[in-house]
Amino acid sequence: SRIEEKTVFHELVVRMAVHKNFRGRTIIRHDAGVAGNFGRALLQGLQRVNLEDPVFEQAFEVAASNQVEARYLLTPFFMERLHELSRLSAARPSKAVFLGALYF
């Protein structure tokens, strides 16, 4: 009998504990331009979140069910680390998702 390997999923997956209380959804993706970003957010029923970090804003788009909560989760340190991971990794993250307590 011969065993055959087939790659079905080829991405980097990281699961982290976030020691903050939140209830909504926040999704971070690589920027897809104005039209692409707006369309993605609408399809998921989320609002586009504008952040104060111009370097992060140029590389990523953020959509969330709660604007204030998204800014609470996306600290300057977290944005810097995600951007650095994206620049250094060959398997750069295409999406980061925060799911709050209501979605478990």
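What follows is a short chat about side-chain contacts, one helix and the nonpolar core in a predicted model.

Biologist: Let's start with aromatics. How many aromatic pairs does the structure hold?

Modeller: One. The partners are F56 and F60, with ring centres 4.6 Å apart. Keep in mind that this is a predicted model.

Biologist: Is that pair stacked or edge-to-face?

Modeller: Stacked, because the planes of F56 and F60 sit at 25 degrees and anything under 30 counts as stacked.

Biologist: And F56, buried or exposed?

Modeller: Buried, at 1% relative accessible area. F60 is buried too, at 3%.

Biologist: Switching to charges. How many salt bridges does a search of the whole structure find?

Modeller: Two. R48 bridges to E57, with 3.3 Å between the closest N and O atoms. R81 and E80 make a salt bridge at 3.7 Å, N to O.

Biologist: Take R48 first. What is its relative accessible area?

Modeller: It is 27%, which puts R48 in the partly exposed class. Its partner E57 is buried, at 16%. The cut-off for buried is under 20%.

Biologist: What about R81, how accessible?

Modeller: R81 has 41% relative accessibility and counts as partly exposed. E80 is also partly exposed, at 47%.

Biologist: Now helix 4. Which residues does helix 4 cover?

Modeller: Residues 76-88, 13 of them. From first C-alpha to last, helix 4 reaches 18 Å. That is close to the 18 Å expected at 1.5 Å a residue.

Biologist: Which residues in helix 4 are buried?

Modeller: F78, M79, L82, H83 and S86. Down the axis of helix 4, the buried residues fall within an arc of 130 degrees, so they line one face.

Biologist: And on the other side of helix 4, which residues are exposed?

Modeller: P76, F77, R87 and L88.

Biologist: Last topic, the largest nonpolar core. How many residues are in it?

Modeller: The core has 16 residues. Those touching the most other members are I28, L51, F56, V62, L74 and F98. F56 you have met already, as half of the stacked pair.

Biologist: Which helices and strands each supply at least two residues of this core?

Modeller: Helix 2 (54-59), strand 3 (60-64), helix 3 (67-73) and helix 4.

Biologist: What tends to happen to nonpolar side chains in soluble globular proteins?

Modeller: They tend to be buried together.

Definitions and conventions:
Residues numbered from 1 in each chain as written. Predicted model: local features only at pLDDT ≥ 70, side-chain atom pairs only at ≥ 80, totals over all residues. Heavy atoms only, no water. Phe/Tyr/Trp six-rings, centres within 6.5 Å; stacked < 30°, edge-to-face > 60°. Buried < 20%, exposed > 50% of the residue type's maximum accessible area, 1.4 Å probe, protein only. Salt bridge = Lys/Arg side-chain N within 4 Å of Asp/Glu carboxyl O. Helix = DSSP H or I, 4+ residues; strand = E, 2+ residues; numbered from the N terminus. Expected span 1.5 Å × (residues − 1). Arc of directions from axis to C-beta. Core = buried A, V, L, I, M, F, W, Y, C linked by side-chain atoms within 4.5 Å.
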